[in-house]
Structures are given as C-alpha cells and as structure tokens.
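These are my notebook entries from a session spent looking through one structure. I went from element to element and wrote down what I found at each stop.

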Amino acid sequence: MLTIYSDSHRLQHGRSELIDGTLKPCFETPSRADMVLAAVRQRDLGDVVHPRRHGLEPILRVHDEGYVRFLETAWQRWSEMGRDYDALPKMWQIRRLREAVPEHVEGQLCYYSMDCGTPITAGTWQAATASVDVALTGADRLIGGERAAFALTRPPGHHAARDYCGGYCFFNNAAIAAQALRDHGMHRVAVLDVDYHHGNGTQDIFYHRSDVLFLSIHGDPRTEYPFFLGFADEKGDGEGLGYNFNFPLAAGSCVSTWFFALDCALEQIARFGAEALVVSLGVDTFEGDPISRFQLGTPDFVTLGARLAALKLPTLFCLEGGYAVGPIGDNVVNVLAGFEARS
Ligand SMILES: NCCCNCCCCCS
Ligand SMILES: [Zn+2]
C-alpha cells in the first residue's frame, strides 16, 4: 500500500496542553509520525511519497473562511504581542455570551478553539496545510483508480469542525479528502472514524448531507472527550437525517463489543452503497493508550484491517490519534497489512 508522508509535520510541536487540571507535555508529538513511518518502512508496506501541493481551495470547500484566515495569521499576531509561548485560549464563548467574532487575536483564539489542548505555534499553519496535502494526495490516488492509500497525516484532523480547532486538530484531513472524492465524481462517500474519541469535527461538517455517510465508534461521551457530541441519537439533520451513525461504547468495553459495533457500521456502509471509504484511523483504542480506555491488542488491528477490506471499496486511511508512542507503528501498520492481506 502506498504511504503519503511529509516531514513538515515536525513543525507542529506544541509544548504543553492543559489536561486533567494541569499543564502537561503534549501527547500529540512528532515522534508519533516518526514511529509510524519507521514501521511502514520496516514492514515493507510499500512506497512512501511526498504530497503534492493543493492550495487553499480544497480546505475552503470544508472550512469557514474566517477560521482559515485566523489560523493563517494567528501565530504572527500572537507573537506581535510579545508572546513566544504556544497560543492557547484562556476562555470560551460559552452559552449566552455574544457569538460575534472578536477582532483581537486573543478573542479569536477563544472563539475558534474547542479546548486548550491544541496549541497554535510558529509552525502550525505549515504543518496543518501539509497534512491536508498528504490526505489530498491520497485521495488523488483513489481518484486515479488505486485501491487504497495511507495518508500519514499529522497533525490529525477529526476533531476539527467547519470553524474550530480542537483535540490536536486544525484542518479536518479526512473530511477534506472525502469532499475531494465527491468533487471528483464519487457520488457517495463513507467516512468511518475508528479513533477512541468521537469525530465531532467530521460529524459537524457532514451532518446535514446525504452524500457523505459518517460513522463513528468511540468512548461514550457521557464520560469521554469530547463530551458534548457523539451520542447515539445524533442521526443527521434535514437532508442528512439517517446519514450519521454514532456507536458510543462504555469506557473499558471489551474487544468483542468493539468489533460488534464495527460490524454494525460496516453493514450501514454497504447499505449506503458507498463508492469510496475514508477511514479516520486512530489507534488510541489500543489497550495501552495513555489517555483512552478501550482494550484492543496489537493483533486486533490486523482483524480491523481485514474487516475493512471485506467492503471491497477504494479506501483512504488518514491517521488520527494513538498516543502510546512505542506500539503506534505496529498498531497502525497492522491495520494496513491486515487490509492488504484481504484485498
Ligand atoms: N483526559 C483526556 C483528555 C483528552 N484531551 C484531548 C484528547 C484528544 C484526542 C484526539 S484523538
Ligand atoms: Zn482519539
């Protein structure tokens, strides 16, 4: 399987995130991508290519222009205030506060952020746009007739909504790739999010649409991040009613429960008649993940890949989460190798 990778990911290296009441070193580190790339090479998964530049147009097909312009200028405006530390919000535009977009960068940082774990740094814009190019280059391959591709995307994307960043995500790589597949003639595209955390951003982007089916298997938002989206009764709205499926599972759920939810999701994808599949591939479902609470073992990721291959769809994998850095390479490549073995 082809891997698309850009060294520009290294430019996103936040120093701290506020988590569980204290500032900790960021979990979303460059070493994650390094370990995945090393495993891709070591396991001889296939060629590794650099992305083609696609510019801002595909990003603006999915994200709000004001948000994009904010991300493009945030660091420069933040550092002009004499600040050289990561840009993080200090409050949120919460219920009954004015919803107008603030003028000042400090206010915009609060307006366009979902949490305080997604630091904007000097290299964020370059890293996030390169990550989109990685995903789009993978989509290009599917459009060109290839069966599958792995977009080694970092920073990840599935928590980024139309107009806000969060969960270590700035641009929604998987959603932008799905939109590109739609724009290049694929009439029905499914996005399946297997990350431990609900893909709130991807759901937000496609919630009112019936041409992109969104499905997510994740830790129950009653106790798990992102808390405020990802419930089973969120089924889409308007045109999109019936084209959104959430499978929240209790923290600590066993592997067979997880695979049962996967089989239910795969059935919906087949019923939808998808012409292509985008997988938001987070491996923080791993039993040893430091911030998540499912039980998948490294061998289970082979089974995941094999189940996905059974759909016999052109498939683009976009890397999302996975914070147990040592095993991340084998966990990710096991999915891809499992897929290949059944293709
Ligand atoms: N106590 C857990 C806090 C989680 N904070 C953000 C998690 C983002 C996951 C991205 S896949
Ligand atoms: Zn996650």
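**Entry 1: a helix across the sheet**

I began with helix α6 (residues 173-183), which lies across β6, β7 (212-219), β9 and β10 and runs at about 175° to β9. I note at the outset that this is a predicted model.

I then looked for the helix that α6 meets, and found that the axes of helix α5 (residues 124-143) and α6 come within 9 Å and cross at roughly 35°. The crossing of α5 past α6 is right-handed. Listing the residues, I have A128, S131, V132, A135, L136, A139, L142 and I143 on the α5 side, meeting N173, I176, A177, A180 and L181 on the α6 side.

**Entry 2: S131**

I picked S131 out of that contact, a residue placed in helix α5. Is S131 buried or exposed? I found S131 to be buried, with a relative accessible area of 2%. Leaving aside neighbours within four places in sequence, S131 is in contact with T153, R154, P155 and N173. I also looked up the distance to F170, which is 39 residues from S131 along the chain, and the two C-alpha atoms are separated by 9.7 Å.

**Entry 3: the sheet**

Next I wrote down the strand order, since α6 had led me there: eight strands form an open sheet in the order β4-β1-β5-β10-β9-β6-β7-β8, and the pairing is parallel. Which strands stand at the edges? They are β4 (48-49) and β8 (244-249), each with a single partner strand, so one side of each is left without a neighbour in the sheet.

I followed the pairings from β1 onward. Strand β1 (residues 2-4) and β5 run parallel and are joined by three bridges, with T3 having F150 as its bridge partner in β5. Four bridges join β5 to β10, again in parallel, and here the bridge partner of A151 in β10 is C318. The pairing of β9 with strand β10 (residues 315-319) is likewise parallel, over five bridges, and L281 stands opposite L319 in β10.

I then asked how strand β5 (residues 148-151) is covered, and found both of its faces to be so: A148 and F150 are buried on one side, A149 and A151 on the other.

**Entry 4: the zinc ion**

I turned to the metal and asked which residues coordinate the zinc ion (ligand 2). They are D195 (OD), H197 (ND1) and D284 (OD), at 2.0 to 2.1 Å. Along the chain, the donors follow the spacing D-x1-H-x86-D. D195 lies in the loop between β6 (189-193) and α7 (200-206), whereas D284 lies in the loop between β9 (276-281) and α9 (300-309), so the pair ties together parts that are 89 residues apart in sequence.

For the geometry, I noted that the four donor atoms around the zinc ion (ligand 2) subtend angles of 98 to 117°, which makes the arrangement tetrahedral. As a reference value, the ideal angle for four tetrahedral donors is 109.5 degrees. I checked burial here as well, and both D195 and D284 are buried.

**Entry 5: helix α9**

The loop holding D284 lies between β9 and α9, and I went on to that helix. I found α9 mostly covered, with seven of its ten residues buried; these are D300, F301, L304, G305, A306, L308 and A309. I asked what the buried residues of α9 pack against, and my list reads β6, α8 (255-272), β9, β10 and α10.

I looked at the last of these in detail: α9 and helix α10 (residues 325-341) pack at an angle of about 35°, with their axes 6 Å apart, and their crossing is right-handed. The contact is made by F301, V302, L304, G305, A306, L308 and A309 of α9, together with N331, N334, V335, G338 and F339 of α10.

**Entry 6: W78**

I closed with W78, which lies in helix α3 (residues 65-79) and is buried, with a relative accessible area of 6%. Not counting residues up to four places away in sequence, W78 touches R83, Y85, D86, A87, L88, V105, E106 and L109. Taking A309 as a far reference point, I noted that W78 and A309 are 231 residues apart in sequence and 45 Å apart in space, C-alpha to C-alpha.

Terms used. Residues numbered from 1 in each chain as written. Chains lettered and ligands numbered in written order. Predicted model: local features only at pLDDT ≥ 70, side-chain atom pairs only at ≥ 80, totals over all residues. Heavy atoms only, no water. Donors = N, O, S within 2.8 Å, 3.2 Å for Na, K, Ca; no water. Tetrahedral: all angles 85-135°; square planar, octahedral: opposite > 155°, others 65-115°. Helix = DSSP H or I, 4+ residues; strand = E, 2+ residues; numbered from the N terminus. Buried < 20%, exposed > 50% of the residue type's maximum accessible area, 1.4 Å probe, protein only. Pairing = 2+ DSSP bridges. Contact = heavy atoms within 4.5 Å. Axes fitted to C-alpha atoms, helices over the stretch in contact; angles between N-to-C directions. Left-handed = near helix turned anticlockwise from the far one by under 90°.
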